[in-house]
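Colleague: Before I rely on the labels attached to this model, I would like to hear the reasoning behind several of them. Could you take me through them one at a time?

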Amino acid sequence: MKRAVLMMLGVSALTMIPGRGLGDDSLLNLGPEKLVQADGVAVQVPGYSVPSFVDWNNDDLKDLLVGEGGGERAGKVRVYLNVGTELEPQFSDYFYVQSRGSDVSWAGSDEMGCFPRVVYWDADERKDLLVGLADGTVKILLNAGTESEPVFVGESGVLAWWNTYRLDVGEEVTPALLDWDNDGRIDLVAGGLDGKIHLYINCGCGGAIPPSFFTSWPSGELVQENGEDLIVPSERSSPVVLDIDGDGKKDLLTGNTNGELLFYRNLGTDAAPSFSGYTLIDSNSVPINLPGSACSRPFVCDWTGDGYADVLIGAGDGNVHLYQRLAQRGDIDNDYDVDFADFALFGICWGQIDNEECRWADFTGDGRVDAADLAELAAHWLEEASL
């Protein structure tokens, strides 16, 4: 019920992230680091891990995908199916993504195997797989199976500039699909070993789907910072683009070689982003800084279905590092404050008993939504109002 109400109110679970200023330690407000486990043991892949959290088999539970490889290890893609619930993801064994009956693999570099992302590339409404490779190029694996049982029977390179040259950022490409300029067509943004952010605009040549980068240079257009090429400190950029600070404009979140997580606030518009400087993202009030040549590669998700943005980070230790957003008591609509809207949503569940869909309104945990819970909500509202 809560999620349905939020949808009707136009609330996006992964964009309502606090806009309290770059100097505020609550930016993303991530708690302590945890390691994602399978069968009670920390997930650890050979080489460098690249995680994402998506519903692979269409069972309404998000699953864990992890790119692996680097050094002498080939790049492969593991799938850990969620055998738990939406609120408590759990994982057991894994399998590798295959094509024509064999594990798909690609040559790696010293610090990258492959960078997989589930996408919808064409118009058949079946999930496909976009994979960034160590040589700087990007492959697309089209799904010849179904939405619930993806099957791949080959791959093709993503092309640019008159469909004659391969999209190529140099080395260790980290691609993401999104509508950068708000023209209704999906574009491609990619990081790389050079620390730059490479942008490929979908020209719509021959139609908006599948994406066409016919008019983009093979190395793309470079995102700017203060009139110069934006270069992520220590290089190896790994961008995530979404509204981090809740101001309605897409921002930039990226990893780097040092294992940090950097936030670049958009000072321009949603359709024409502009950047000037960055802030390091904290975990438990300390800047994230994974040890060694970590090569942090982030993925933003809602890990437990609570409407808050959490962060997965892959790194050189092969583990999957999880940083969950610390919940704010009483913040029912997940907009990072307690106000009248939260009271209105609370009213929907007033008087319910042992209703699983109203568990979010049961602040006392006694199975009832009653005056005691209303008192708790009011107390949280007064507490925030006094700050």
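Colleague: Where is serine 52 found, and why is serine 52 called buried?

Modeller: Serine 52 is found in strand β4 of what is, I should say at once, a predicted model. Its relative accessible area is 2%, and since buried means under 20%, serine 52 is therefore classed as buried.

Colleague: Which residues does serine 52 touch, not counting residues up to four places away in sequence?

Modeller: With heavy atoms within 4.5 Å taken as contact, serine 52 touches Asp63, Leu64, Leu65, Pro116, Arg117, Phe299 and Leu312, not counting residues up to four places away in sequence.

Colleague: How do you know that β4 pairs with β5?

Modeller: At least two bridges are needed for two strands to pair, and five bridges join β4 to β5, residues 63-70, with the two strands running antiparallel. Valine 54, for instance, has aspartate 63 in β5 as its bridge partner.

Colleague: What makes β4 and β7 edge strands?

Modeller: The open sheet consists of four strands in the order β4-β5-β6-β7, paired in the antiparallel sense. β4 (50-54) and β7 (95-96) each have a single partner strand, so one side of each is left without a neighbour in the sheet.

Colleague: In the other open sheet of four strands, what is the order, and why do β22 and β25 stand at the edges?

Modeller: The order there is β22-β23-β24-β25, with antiparallel pairing. β22 (238-242) and β25 (279-280) each have a single partner strand, so one side of each lacks a neighbour in the sheet. Strand β24, residues 261-264, is joined to β25 by two bridges in the antiparallel sense, which satisfies the requirement of at least two, and leucine 262 has leucine 280 in β25 as its bridge partner.

Colleague: How do you know that β11 and β12 pair, and what lies between them?

Modeller: Strand β11, residues 128-133, and strand β12, residues 138-141, are antiparallel over four bridges, where at least two are needed; one of the partnerships is that of leucine 129 with leucine 141 in β12. The two strands form a hairpin with four residues between them, and glycine 136 in the turn has a positive phi of about 95°. β12 is also joined to strand β13, residues 156-157, by two antiparallel bridges, with lysine 139 having glycine 157 as its partner in β13.

Colleague: Why are α3 and α4 called roughly antiparallel?

Modeller: The axes of helix α3 (residues 340-348) and helix α4 (residues 371-385) come within 11 Å and cross at roughly 170°. Angles over 145 degrees count as roughly antiparallel, and the two helices are therefore described in that way. In their contact, Asp342, Phe343 and Phe346 of α3 meet Asp373, Leu374, Leu377, Ala378 and Trp381 of α4, and these residues divide into six nonpolar, no polar and two charged.

Colleague: Finally, what makes serine 296 buried, and which backbone oxygen lies 2.6 Å from its side chain?

Modeller: Serine 296, in the loop between β27 (286-287) and β28 (297-301), has a relative accessible area of 1%, and with the limit set at under 20%, serine 296 is therefore buried. The backbone oxygen of glutamate 260 lies 2.6 Å from a polar atom of the serine 296 side chain, a distance to be set against the 3.5 Å limit for a polar contact. Leaving aside neighbours within four places in sequence, serine 296 is in contact with residues including Ser238, Asn256, Glu260 and Ile313.

Notes: Residues are numbered from 1 along each chain as its sequence is written. This is a predicted model: local features need pLDDT of at least 70, side-chain atom pairs count only at pLDDT 80 or more; totals for chains, interfaces and linings use all residues. Side-chain values use heavy atoms; hydrogens and water are left out. Buried means under 20% relative accessible area, exposed over 50%, partly exposed in between (1.4 Å probe, protein chains only). A polar contact is a pair of N or O atoms within 3.5 Å; within protein, one must be able to donate a hydrogen and the other to accept it, and residues adjacent in sequence count only if both atoms are side-chain atoms. Axes are lines fitted to C-alpha atoms, for helices over the stretch in contact, and angles run from 0 to 180 degrees between N-to-C directions. Angles under 35 degrees count as roughly parallel, over 145 as roughly antiparallel, 65 to 115 as roughly perpendicular and the rest as oblique. Ala, Val, Leu, Ile, Met, Phe, Trp, Tyr, Cys and Pro count as nonpolar, Asp, Glu, Lys and Arg as charged, and the others, Gly among them, as polar.
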